[in-house]
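This report describes the strand pairing and helix packing of a predicted model. The sequence and structure are shown below.

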Amino acid sequence: MEKEKNLQKQEAVCAVCPHHCLLAVGETGRCRARKNREGKIVSINYGKLTSLMPDPIEKKPLRRFFPGSRILSVGSFGCNLACPFCQNHEISMADRGQAHCREITPEALAGLAQAYQNRGNIGVAFTYNEPLVGYEFVRDTARLVRKRGMKNVLVTNGFAELSVLEELLPYVDAMNIDLKGFTDAWYERLGGDLETVKRFIARAAQDCHVELTTLIVPGENDSEEEMEREAGWIASLDREIPLHVTRFFPRYRMMDKGPTPVERVYRLRDVAAQWLRYVYVGNC
């Protein structure tokens, strides 16, 4: 009984995102990447990479940040949303036991990025899974990358507390943030919260280059009225913020839907372009 009481005292709340998972000792949060270890929430994907490759910067996608360059792109495992259309579900929905990882220190990764400079590499992009569920590794690596005179890019869903963003902003040069739609109901289906993401975007756009991506899923977030509201809100922050309007293809648990009609993507691009200076289509 005494041992049970002591374990209860060591319960801890993860403060990274609004899920605020209450974890007993040994338990892992919804993101699969954070765990209560002896009463303290720790990242269990720190330095564990599932993906590492040099990519064109446009693939992030970033169209107005060092166009034509390449960036060393890295991913780990875990995500705090549960998007049924996730194209990287093998790692984002995986836990430590399911993901095949290689371990690397922040120092080694920063050094690798520097070694690739002679191939046109400008820095490191944290991407593929949700990097914020292991933000400590992002922070530690980005600090060293910046010291070497290179750039840091974050590709994120933006579903995190602002305290996490504040730790990273001094070292991040550009972000692509998924704005998955513009209704509360859609975000609830994905396990997130629209207002949290809006706050994240608004704060990030104050201090670094931000581009946004909206994947258009047929019958879910593809109305002109929703895009009008989304683009109007983005313009209220800054009409210079680029928006990528991207075509959906069947993935993961959404194999029952067909691809988004190309003409629909272009129509929504045109709607957004009434508000925003830079609107791009993707996957068309």
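In this predicted model, Leu243 of strand β13 stands opposite Val279 in β14. The two strands, β13 and β14 (residues 279–282), run parallel and are joined by four bridges. Helix α9 (residues 262–273) belongs to the same connection: β13, α9 and β14 make a right-handed β-α-β unit.

Strand β13 also pairs with β12 (residues 209–216), in the parallel sense and over five bridges. In this pairing Thr214 is the residue opposite Val245 of β13. From β12 the chain passes through helix α8 (residues 224–237) to reach β13, and this β-α-β crossover is right-handed.

The two pairings of β13 are set out below.

| Partner strand | Bridges to β13 | Sense | Residues standing opposite |
|---|---|---|---|
| β12 (residues 209–216) | five bridges | parallel | Thr214 and Val245 |
| β14 (residues 279–282) | four bridges | parallel | Val279 and Leu243 |

How many of the five residues of β13 are buried? Five of the five, residues 243–247, are buried, so the strand is largely enclosed by the rest of the structure. The burial concerns both faces of β13: Leu243, Val245 and Arg247 are covered on one side, and His244 and Thr246 on the other.

These strands belong to an open sheet of eight strands with mixed pairing, in the order β6-β7-β9-β10-β11-β12-β13-β14. The edges are formed by β6 (51–56) and β14; each has a single partner strand, so one side of each is left without a neighbour in the sheet. On average, and with direction ignored, neighbouring strands of this sheet are turned by 20 degrees against each other.

Helix α3 packs on the sheet and touches β6, β7 (70–75) and β9 (121–126). The direction of α3 makes about 155 degrees with that of β7.

Helix α3 (residues 106–115) also packs with helix α4 (residues 135–147), at an angle of about 45 degrees and with the axes 9 Å apart. Angles under 35 degrees count as roughly parallel and those from 65 to 115 as roughly perpendicular; α3 and α4 are therefore oblique to each other. The crossing in which α3 passes α4 is right-handed. On the α3 side the contact involves Pro106, Glu107, Leu109 and Ala110, which meet Phe137, Asp140, Thr141, Leu144 and Val145 in α4.

Definitions and conventions:
Residues numbered from 1 in each chain as written. Predicted model: local features only at pLDDT ≥ 70, side-chain atom pairs only at ≥ 80, totals over all residues. Heavy atoms only, no water. Buried < 20%, exposed > 50% of the residue type's maximum accessible area, 1.4 Å probe, protein only. Pairing = 2+ DSSP bridges. Right-handed = clockwise from strand over helix to strand, strands pointing away. Axes fitted to C-alpha atoms, helices over the stretch in contact; angles between N-to-C directions. Parallel < 35°, antiparallel > 145°, perpendicular 65-115°, else oblique. Left-handed = near helix turned anticlockwise from the far one by under 90°. Contact = heavy atoms within 4.5 Å.
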